[in-house]
Amino acid sequence: MLTLHRLDQLCSQKKGSGEMTHKQYCTTLLALVRPLRGRCSARLRLICLLLLIPLAPALKAETLALSADRIIIGNQDQPLLDSAVIVEDDKIIRLLRREKIPAGMRIIELGDATLMPGMIDAHTHPLLSTGDYQTNHLAQSSAYKSLRAAAFFQKLVYAGWTGLRVAGDGDVFYGNTDIRRAIDEGFIMGPRMAVANHYLSITGGGGDLNYLSPEQSMIADGLVVDGVDEIRKAVRTEIKYGSDWIKILATGAYLSVGDSPKNVSFSPEEFQAVMDEANRQGVPVMAHAHATAGIKQAVLGGARSIEHGTFLDNEVINLMAAREVWLIPTIYIGDYYALEGGLREDDRNNYYMEHERPVWINWLKKAHKKGVKIGVGLDFGSQGYAPEIFIREFATLVEIGMTPMEAIQAGTRVNAEMLGWDDRLGTLEVGKLADIIAIKGNPLDNIDALKDVSFVMLGGRIIRTPGGQKNPPEGLLQLP
Ligand SMILES: [Zn+2]
């Protein structure tokens, strides 16, 4: 009875101030029943809980108005002006004019700022953090890399990135699955994650270590598979250990040694085996593809997204538009390595900047005009980049002919659709989860303003407040 009395006291205090949410109520409830463990039977504890639960509907859910000069909903050409997003618990429940905010409602007034959906990075390799991505996994354990990546993710959330897709990673185990699990279970604060744990590569392909002597027997950074049987087993194993995407290196890569981005990697039978296995288990495939023939193989084979898509042509563009295959070009990383310090094969990078990039940009302009769905992906690891540089991919999309509004939608709604998250994320519509950020000023006037994030909300929880810290404190954080 002491317990009931205490709960009653707490409820009347909290209800009086309008502060207690359903979540707080449940937490309080469990905290109060917990001390009964050992003193009375499980049955009696359950009866206590059942007696207390009917009080819950009387409690108010917390509602909050986020008010700003502009709101980018994510599916309209123009922003809403002088309006507010009303959030209750973890969801958006209304959008209304500023002056219509009900009296007494808690308001966060952001002023000359733009509210928009949290940004989503559709192509990342969070477990790579050293200069040589092909040997990173030999020097660092999966556990170390995962802790490091989780801390880096928290910086990204502070910089406005509330979702990401891992495009395979240099990891012997399945660290990204475990980071996602720790986030989902609430141990740590972090972005929503879609995960391909490894990238499938042929022997001698972009995911193999091609610069070692034949005497060496190393575990490669990619998952090296040859032949239909190995491929089937690899896809099944990826899914068994938590991959919700399959990543395949359909062509050679730029930064690896001993292979060429202009070569197609897998035989038609092998590629089809990837698709068959993934389709049967309802898991989408993302295909790294530079060479035209490799892009075509992946599009016709049924890949959901093409990563990079460097050597496009009219036929491939028409196929991608007709089949509604997403293109994640990851343009900025090429600029970053060519202009700010390359990895391996520097000559290849220079050649790329002078001869290939301008041609590619023209093809991307055509792809955009033809209606190919283009999303935002960075292709970075977690090696100490300033999170602000992640927004530079948006400027490259403006370079290929997108308006700033289209570029912002590419990094929010379009990516959410590709990920199958669009029923709950990607736009600021009623009923969606409240992953909301605010940008100081107007990114529709200057896309680089996206680096000036002033507010971050993740599933209705306020992560970063206006005037608060730009970076998270050192160490891993839990949700507030
Ligand atoms: Zn990549």
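**Exercise 1. Identify the residue in S7 that is the bridge partner of Thr 124, and describe the sheet around this pair.**

*Solution.* In this predicted model, the bridge partner of Thr 124 in S7 is Val 166. The next step is to consider the two strands. S6 and strand S7 (residues 161-167) run parallel and are joined by four bridges. Helix H14 (residues 404-419) packs on the sheet, where it touches S6, S7 and S8, and its direction makes about 55° with that of S6. A further helix, H6 (residues 175-184), lies across S7 and S8 and runs at about 160° to S8. The strand order completes the description: this is an open sheet of three strands, S6-S7-S8, with parallel pairing. Strand S6 (119-124) and strand S8 (192-196) are its edge strands, each pairing on one side only. On average, neighbouring strands of this sheet are turned by 10° against each other, direction ignored.

**Exercise 2. Determine the strand order of the open sheet of six strands, and name the bridge partner of Tyr 199 in S11.**

*Solution.* The order is S10-S9-S11-S12-S13-S14, and the pairing is parallel. At the edges stand strand S10 (223-224) and S14, each of which pairs on one side only. Within the sheet, strand S9 (residues 199-201) pairs with strand S11 (residues 246-249) in the parallel sense over two bridges. Tyr 199 has Lys 247 as its bridge partner in S11. Helix H9 (residues 292-301) packs on this sheet and touches strand S12 (285-289) and S13; the direction of H9 makes about 170° with that of S12.

**Exercise 3. Locate His 308 and Thr 330, and decide whether each is buried or exposed.**

*Solution.* His 308 belongs to strand S13 (residues 305-308). Its phi is near 80°, a positive value in a residue other than glycine. A residue is buried if 20 or more other C-beta atoms lie within 10 Å of its own. His 308 has 27 such atoms within 10 Å and is therefore buried.

Thr 330 lies in the loop between strand S14 (326-328) and helix H11 (332-340). Thr 330 is not a glycine, yet has a positive phi of about 45°. With 25 other C-beta atoms within 10 Å, Thr 330 is likewise buried.

**Exercise 4. State which residues have the most contacts inside the largest nonpolar core, and explain why this core lies between domain 2 and domain 3.**

*Solution.* The largest nonpolar core has 125 residues, and those with the most contacts inside it are Val 85, Leu 115, Val 274 and Ile 306. The core lies between domain 2 (63-197 + 376-480) and domain 3 (199-211 + 247-280 + 291-324 + 330-373) because both give residues to it. For Ile 306, leaving aside neighbours within four places in sequence, the contacts include Ala 287, Ile 295, Val 299, Met 320 and Leu 327. In soluble globular proteins, nonpolar side chains tend to be buried together.

**Exercise 5. Identify where pLDDT stays under 50, and set these stretches beside the values for the protein.**

*Solution.* The mean pLDDT of the protein is 88, and 85% of its residues reach 70 or more. One stretch under 50 is residues 1-22, for which the model has 24 contacts beyond four places in sequence. Another is residues 54-59, with seven such contacts. Turning to the whole chain, 47% of the 480 residues count as buried, and the secondary structure comes to 14 helices and 17 strands. Among contacts between residues at least 6 apart in sequence, 67% join residues at least 24 apart.

Technical notes
Residues are numbered from 1 along each chain as its sequence is written. A nonpolar core is a set of buried Ala, Val, Leu, Ile, Met, Phe, Trp, Tyr and Cys residues joined through C-beta atoms within 7 Å. A residue is buried if 20 or more other C-beta atoms lie within 10 Å of its own, exposed if 12 or fewer, and partly exposed in between; C-beta atoms are placed from the backbone. Domain bounds come from an automatic or database domain assignment. Two residues are in contact if their C-beta atoms, placed from the backbone, lie within 7 Å. pLDDT is the predictor's confidence in each residue, from 0 to 100. Two strands pair if DSSP finds at least two bridges between them. Axes are lines fitted to C-alpha atoms, for helices over the stretch in contact, and angles run from 0 to 180 degrees between N-to-C directions.
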